[in-house]
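Visitor: I am new to this structure. Please pick one spot, look at it closely, and then lead me outward from there.

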Amino acid sequence: SYHIMYSRSLSSDPQVTSTYSEYVPKFNQAKGVSVVLKHFPGYGTLNDTEDVPVIDNRDAASIRAKDYLPFKAGVDAGAHFVMVSNVVVEAFDTAHTAALSPTVHRELRDNIGFTGLIITDVLDDPDKYDAFSTYSDGKTPYVAAVLAGNDMILVEDYGAAYSAILLAVSDGTIAPAIVQQVCTRIFAYKYATGLMK
C-alpha cells in the first residue's frame, strides 16, 4: 500500500515541505491569491485505506514534531486559510473527525498560532456523510463544524447546510457570539485582501 497523500505531496521531508509552504504564501498572496494550507493536522505517513473516516493512531508528539512543521511555516508566512481534515486523530480526539473537533481547532489556534480562516474539507460527500455524522455529537456535520471552530465549511448541498446552521442559531445551539466571531474574522480577511472596501 502507499501513503494517502503520496501522489499529491511535494516531499516526505517535513523541512523541504516547510520551505515550500513558507514560500508559497509570500509569493502568491502578494499577487492577490490566497493560500490554503491543508489538511491539518496532517496525514503524515498514513497508508491509503477504504475506511471512512480514516483513523490516525499516531502519537501526539510525533504529529507535532513532524506534521506541524509545514503548517507552522505557512502560518508564520501569513497563509490566509487552513483546511482541517476529515481524519479521526486519536491522539487529540477519538470522538470527532479533525474537522469536527474543538480540540484539533485549539491545536491549530494555540500551538500553531493561526489567526486566519479555518475551513473544513468537504462534509457532505454522499459516500461519507453517514460516517461523518457518527462523529458529530448527534448534530449535523454542518452544525458540529461551526461549533468546533471552523469559519467556513466546504459542502455540496449549500441549502441543507444553510438550513441546519440557521436552525441551530435560532434554537440557541450556536450562540450569537460564535456567529459574530466568525463574521468578524471573514470580514477582516475580505478587508485586508481588498475584497471588501
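Guide: Start at Val 35. Beyond the four places on either side of it in sequence, Val 35 touches Val 24, Pro 25, Asn 28, Gln 29, Ala 79, His 80 and Phe 81. Keep in mind that this is a predicted model.

Where does Val 35 lie? It sits in the loop between helix 1 and strand 1. Is Val 35 buried or exposed? Its relative accessibility is 8%, so Val 35 counts as buried; the cut-off is under 20%.

Now look across to Gly 78. In sequence, Val 35 and Gly 78 are 43 residues apart, yet 8.8 Å separates their C-alpha atoms. Gly 78 follows helix 2 and has a positive phi, near 100°. That takes us to helix 2.

Helix 2 covers residues 60-76 and has a kink of about 50° at Tyr 68. The proline Pro 70 comes shortly after the kink. At the start of the helix, look at Asp 59. One of its side-chain oxygens reaches to within 3.2 Å of the backbone nitrogen of Ala 61.

Which residues of helix 2 are buried? They are Ala 60, Ile 63, Asp 67, Tyr 68, Pro 70, Phe 71, Ala 73, Gly 74 and Val 75. Both the kink residue Tyr 68 and Pro 70 are thus on the buried list. Several elements cover these buried residues. Among them are helix 1 (14-29), strand 1 (36-40) and strand 3 (81-84). Strand 2 (55-56), strand 4 (88-89) and helix 3 (102-111) are also included.

Take helix 1 next. Two packed helices are described by the angle between their axes and the distance between the axes. Helix 1 and helix 2 pack at an angle of about 20°, with 7 Å between their axes. Angles under 35 degrees count as roughly parallel, so helix 1 and helix 2 are roughly parallel to each other. Their crossing is right-handed. On the helix 1 side, the contact is made by Pro 14, Gln 15, Thr 17, Ser 18, Ser 21, Glu 22 and Pro 25. On the helix 2 side, Lys 66, Leu 69, Pro 70, Ala 73 and Gly 74 take part. Pro 25 is in this contact, and Val 35 touches Pro 25 as well.

Pause at Ser 21, in helix 1. Ser 21 has a relative accessible area of 9%, so it is buried. Its side chain reaches the backbone oxygen of Ser 18 at 3.2 Å. Leaving aside neighbours within four places in sequence, Ser 21 is in contact with Leu 37, Pro 70, Ala 73, Gly 74 and Ala 77.

Helix 3 gives us a way onward. It is among the elements that cover helix 2, and Arg 109 is found in it. Arg 109 has a relative accessible area of 19%, so it too counts as buried. Two polar contacts stand out. A polar atom of the Arg 109 side chain lies 2.8 Å from the backbone oxygen of Gly 116. The Arg 109 side chain also makes a polar contact with the side chain of Asp 151, at 3.0 Å. Apart from neighbours within four places in sequence, the contacts of Arg 109 include Phe 114, Ile 118, Gly 149 and Arg 185.

Follow Gly 149. It comes after helix 5, and its phi is positive, near 125°. The C-alpha atoms of Arg 109 and Gly 149 are 9.6 Å apart, with their positions 40 residues apart along the chain.

How enclosed is helix 5? Seven of its eight residues are buried, so the rest of the structure largely encloses it. The buried residues of helix 5 pack against helix 3, strand 5 (117-122), helix 4 (129-133), strand 6 (152-154), helix 6 and helix 7 (176-192).

Look last at helix 6. The axes of helix 5 (residues 141-148) and helix 6 (residues 158-170) come within 8 Å and cross at roughly 60°. The two helices are therefore oblique to each other. This crossing is right-handed. From helix 5, Tyr 142, Val 143 and Val 146 meet Ala 160, Ala 161, Ala 164, Ile 165 and Ala 168 of helix 6.

Step back now. The chain has seven helices and six strands, and 43% of its 197 residues count as buried.

Notes
Residues numbered from 1 in each chain as written. Predicted model: local features only at pLDDT ≥ 70, side-chain atom pairs only at ≥ 80, totals over all residues. Heavy atoms only, no water. Bend = angle between axes of the 7 residues up to and from the residue. Helix = DSSP H or I, 4+ residues; strand = E, 2+ residues; numbered from the N terminus. Buried < 20%, exposed > 50% of the residue type's maximum accessible area, 1.4 Å probe, protein only. Contact = heavy atoms within 4.5 Å. Polar contact = N/O pair within 3.5 Å; in protein donor to acceptor, adjacent residues only side chain to side chain. Axes fitted to C-alpha atoms, helices over the stretch in contact; angles between N-to-C directions. Parallel < 35°, antiparallel > 145°, perpendicular 65-115°, else oblique. Left-handed = near helix turned anticlockwise from the far one by under 90°.
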